[in-house]
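Colleague: I have a new model open and would like to learn how to read it. Could you take me through it feature by feature?

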Amino acid sequence: MSYTAPDTATVDNMLDTMRFDAAGLVAAIAQQHDTGEVLMIAWMNREALRETLLSGRVCYYSRSRKGLWRKGETSGQTQTLIEARIDCDADAVLVLVDQIGVACHTGRRSCFYRAATPDGLIELTKPEIDPAELYHSHAHTHA
């Protein structure tokens with residue numbers, strides 16, 4: 001399965017239907033396309049969603065860095081878009097992706113690695129990679 005990008009005018013028309021919040025953001029849920037595994041939730045502004053839809057490489061908006069965050073840019077753990085789905089209120093997007101490596105900055109495949117139980121939170125999975133290894137050896141720049 002691979003993603004085919006719409007033309008720019010079609011993407012811009014789709015973006016015009018989105019209901020971005022007061023900060024200009026929509027929630028973006030990343031799900032592994034073939035297994036259904038929920039990987040993470042992040043935020044997209046219009047520019048990030050536009051880039052994602054046009055390039056097929058998932059791009060988010062980092063609230064802490066106040067800028068675009070291209071998933072895998074510094075960690076090498078990339079997300080390739082397979083399909084994007086907009087929810088009924090047009091204020092959230094589900095990105096069905098092919099995740100290479102781990103999605104979580106803790107070194108786990110999914111950010112949703114803790115379960116609420118009668119005894120409190122339990123850890124469902126251990127890190128697959130040391131988080132310190134994610135952000136030092138894969139950095140590169142985009143032209």
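Colleague: Let me start with Q79. Which strand does Q79 lie in, and is Q79 buried or exposed?

Modeller: Please keep in mind that this is a predicted model. Q79 belongs to strand β5. To judge burial, look at the relative accessible area: under 20% counts as buried. Q79 has 0% relative accessibility, so it is buried.

Colleague: Which side chains does the side chain of Q79 make polar contacts with?

Modeller: For a polar contact, look for a pair of N or O atoms within 3.5 Å. The side chains of Q79 and Y60 are joined by such a contact at 2.7 Å. Another, of 2.8 Å, links the side chain of Q79 to that of Q99. Setting aside neighbours within four places in sequence, Q79 also touches a longer list of residues, including A30, L39, M40, V58, K71, V97 and D98.

Colleague: D98 is on that list. Where does D98 lie, and how should I read its surroundings?

Modeller: D98 is part of strand β6. With 29% relative accessibility, D98 is classed as partly exposed. Then compare sequence with space: D98 and T78 are 20 residues apart along the chain, and their C-alpha atoms are separated by 8.1 Å. Beyond its neighbours within four places in sequence, D98 is in contact with Q32, H33, T78, Q79, T80 and I82. With Q32 there is a polar contact between side chains, at 3.3 Å.

Colleague: Back to Y60 for a moment. How many aromatic pairs does the structure hold?

Modeller: The structure has one aromatic pair. The ring centres of Y60 and W69 are 5.1 Å apart and the ring planes meet at 40°, so this pair is tilted. An angle under 30 degrees would count as stacked and one over 60 as edge-to-face. As for burial, Y60 is buried at 0% relative accessibility, while W69 is partly exposed with 23%.

Colleague: What sits over the ring of Y113?

Modeller: That is the charged end of R108, placed 3.7 Å from the centre of the Y113 ring.

Colleague: And R109, where is R109 found?

Modeller: R109 is in the loop between β6 (92-99) and β7 (114-117). A loop residue still needs its own burial check, and R109 counts as buried at 18% relative accessibility. Its side chain makes a polar contact of 3.2 Å with the side chain of E37. Leaving out neighbours within four places in sequence, the contacts of R109 include Q32, L39, Q99, C104 and E128.

Colleague: C104 is a cysteine. How many disulfides are there, and why is C104 without a bond to C111?

Modeller: The count is zero disulfides. C59 is in none, and its nearest cysteine sulfur, in C111, is 17 Å away. For C104, the closest cysteine sulfur is again that of C111, at 3.7 Å, which is too far for a bond. A disulfide needs the sulfur atoms within 2.5 Å. C59 is buried with a relative accessible area of 0%, and C104 is buried with 3%.

Colleague: Which residues other than glycine have a positive phi?

Modeller: K66 is one of them, with a phi of about 55°. K66 lies in the loop between β3 (59-62) and β4 (67-70), and at 64% relative accessibility K66 is exposed. Another is A90, whose phi is near 60°. A90 is in the loop between β5 (79-86) and β6, and counts as buried at 11% relative accessibility.

Colleague: Now let me step back. How many helices and strands does the protein chain have?

Modeller: There are three helices and eight strands. Following the sequence, their pattern is α-β-β-α-β-β-β-β-β-β-α. The radius of gyration is 16 Å, close to the 15 Å given by the globule rule for 143 residues, so the protein chain is as compact as a globular protein of that length. Along the principal axes, the C-alpha atoms fill a box of roughly 50 × 40 × 35 Å.

Colleague: What share of the residues counts as buried?

Modeller: Of the 143 residues, 36% count as buried. Look also at how contacts span the sequence: among those between residues at least 6 apart, 47% join residues at least 24 apart.

Terms used:
Residues numbered from 1 in each chain as written. Predicted model: local features only at pLDDT ≥ 70, side-chain atom pairs only at ≥ 80, totals over all residues. Heavy atoms only, no water. Phe/Tyr/Trp six-rings, centres within 6.5 Å; stacked < 30°, edge-to-face > 60°. Buried < 20%, exposed > 50% of the residue type's maximum accessible area, 1.4 Å probe, protein only. Lys NZ or Arg CZ within 6 Å of the ring centre and 35° of its normal. Helix = DSSP H or I, 4+ residues; strand = E, 2+ residues; numbered from the N terminus. Polar contact = N/O pair within 3.5 Å; in protein donor to acceptor, adjacent residues only side chain to side chain. Contact = heavy atoms within 4.5 Å. Rg over C-alpha atoms; globule rule 2.2 N^0.38 Å.
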